[in-house]
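Some notes on this model follow, as numbered points. Please read them with the coordinates open.

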Amino acid sequence: MYQPGDDVPDPALLSAAVSLVLSQGFPPENSAGDDALVRRLCGQFPLASPELCLDAVNRARKLSRDAYDICDAFRDGTYGRDSNAADTAIRALEEKSPGFSPDNYRQAFTAGLLWTAF
Amino acid sequence: MAPSPDSPLENPRILLLAGIVFLACILAASFLLGGASTTAPASCPAVSSHQPVFVDPVEKLKQVRDPAYTQQLFSEAVAYEPLLATPGTQVHMGFYSAKGNHGSLLRLLDTVNEGPAAKEDPPNRVIWAMGINGYYPYPSWERMMNEHWYERAFPVNGSVMIFGESYRDPYQVTFEQADAIWAGYSERFAEMAEPVAKATGKPVKVWCFVEGAKADRIFYTIELPALKKLEDQGLVEIYFAKSQDAEWNNMADWIKGSANTPAPVA
């Protein structure tokens with residue numbers, strides 16, 4: 001089991017945290033409800049300590065904040081306007097926020113597209 | 001072949017127990033199915049299944065571009081909060097665009113709906129594109145979320161990944177369609193100010209947190225033009241927050257009128 005702040009987080013715990021954070025449907029600026037997310041995550045992973053759950057939620061929050069910025073730039077055309085632009089943007093997200101699975105990046109990218117649409 | 005003496009079919013107690021279990025199952029099923037078709041009362045949190053729904057994007061575009069969709073949103077809002085269609089209620093609508101403004105709008109929602117203004121005579125109520133507050137989404141919003149338009153616009157090897165699950169989408173969705181569908185939803189919501197104003201007899205007050213907003217996003221391209229049309233008809237009053245810290249009940253924090261619309265950032 002990894003410790004908070006380690007470079008190699010538990011992938012299943014982290015993925016669950018990403019799903020929980022992104023399924024809130026809101027831009028990442030408001031983390032007021034994160035205590036509830038930590039409790040829900042620990043409920044899904046009874047062996048994980050509250051510190052580990054909090055760390056996973058914090059990492060997922062950072063991913064969502066980075067996804068917002070990347071998607072904002074994507075809409076501005078920073079990554080081009082062609083069919084490769086999305087993949088380029090997702091790679092930029094991976095560089096900005098390492099340690100997640102390919103599915104997590106794509107999930108964060110599509111959530112960011114909704115947040116930045118408005 | 002005749003049942004043996006130990007057969008459940010010959011034991012009246014087992015038959016009675018089986019009957020009770022059967023009836024209980026029927027009652028439980030009817031309760032659950034009935035509950036699924038009703039809206040959540042304001043005292044009950046809305047249930048979100050996050051179950052993906054794969055709708056034809058062409059059909060969805062037709063739906064959200066139809067002015068009847070505005071009436072549908074209005075009906076859903078009134079089902080949650082009847083005061084939105086009660087003569088005399090001062091209804092407010094909130095809009096946001098750009099980073100940092102969503103939280104400001106949520107704060108305004110709480111200030112109006114949870115503060116003294118909600119209990120004034122006549123009462124104040126504020127709504128936004130998602131719902132009647134930060135917690136209970138309109139069924140149409142929830143459906144839009146479950147339709148996962150942006151996930152579907154970027155499939156991987158023909159499969160759509162939604163919260164870690166892989167799905168086969170029967171329709172092809174483009175990024176442009178996903179944007180257009182959400183733009184259509186947003187425009188219909190902005191136009192909801194008209195039935196609200198006509199039902200309450202008061203212009204809707206529109207509060208916009210758009211500091212740092214860009215010209216090509218939904219607020220400036222879709223929502224604001226729709227609101228300006230309603231402003232011209234006297235159905236809405238538009239206010240722009242001077243900053244993300246603007247307090248709803250401090251008019252010095254606001255700029256009134258679309259004639260004073262802040263310039264979007266480049």
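1. What covers the buried residues of α4(A)? The cover includes α3 and α5 (102–117) of chain A. Bear in mind throughout that this is a predicted model.

2. The buried residues of α4(A) are Ala85(A), Ala86(A), Ala89(A), Ile90(A), Ala92(A) and Leu93(A). They span an arc of only 155 degrees around the axis, so they sit on the same side of α4(A). The general rule behind such a pattern: an α-helix has 3.6 residues a turn, so residues three or four places apart point the same way.

3. The length of helix α4 of chain A (residues 85–96) checks out. Its 12 residues, at 1.5 Å a residue, should span 16 Å, and the end C-alpha atoms are 16 Å apart, so the two agree.

4. Which residues have the most contacts inside the largest nonpolar core? They are Phe74(A), Tyr138(B) and Trp182(B), in a core of 113 residues. Helix α3 of chain A (residues 50–76) supplies the largest share of this core, 12 residues.

5. Look at Phe74(A) next. Leaving aside neighbours within four places in sequence, Phe74(A) is in contact with Ala85(A), Ala86(A) and Ala89(A), among others. Those three alanines are also among the buried residues of α4(A). The contacts of Phe74(A) further include Tyr79(A), Arg81(A), Phe109(A) and Leu113(A) in chain A, and Phe154(B) and Phe175(B) in chain B.

6. Arg106(A) belongs to helix α5 of chain A. Is Arg106(A) buried or exposed? Its relative accessibility is 16%; the cut-off for buried is under 20%, so Arg106(A) counts as buried. Its side chain reaches the backbone oxygen of Phe154(B) at 3.2 Å. Beyond four places in sequence, Arg106(A) touches Asp87(A) and Ile90(A), plus Phe154(B), Pro155(B) and Val156(B). Phe154(B) is thus touched by Arg106(A) and is also in contact with Phe74(A).

7. Now an arginine in chain B. Arg107(B) lies in helix α4 of that chain (residues 101–114). Arg107(B) is partly exposed, at a relative accessible area of 30%. That value falls between the 20% and 50% limits.

8. What does Arg107(B) touch? Not counting residues up to four places away in sequence, Arg107(B) touches Gln244(B), Asp245(B), Ala246(B) and Glu247(B). A polar atom of the Arg107(B) side chain lies 2.8 Å from the backbone oxygen of Gln244(B). Asp169(B) is 62 residues from Arg107(B) in sequence and 38 Å away in space, C-alpha to C-alpha.

Key: Residues are numbered from 1 along each chain as its sequence is written. Chains are lettered from A and ligands numbered from 1 in the order in which they are written. This is a predicted model: local features need pLDDT of at least 70, side-chain atom pairs count only at pLDDT 80 or more; totals for chains, interfaces and linings use all residues. Side-chain values use heavy atoms; hydrogens and water are left out. A nonpolar core is a set of buried Ala, Val, Leu, Ile, Met, Phe, Trp, Tyr and Cys residues joined through side-chain atoms within 4.5 Å. Buried means under 20% relative accessible area, exposed over 50%, partly exposed in between (1.4 Å probe, protein chains only). Helices (H or I, at least four residues) and strands (E, at least two) are DSSP runs, numbered from the N terminus. Contact means heavy atoms within 4.5 Å. A polar contact is a pair of N or O atoms within 3.5 Å; within protein, one must be able to donate a hydrogen and the other to accept it, and residues adjacent in sequence count only if both atoms are side-chain atoms. The expected span of a helix is 1.5 Å times one less than its number of residues. The arc is that of the directions from the helix axis to the C-beta atoms.
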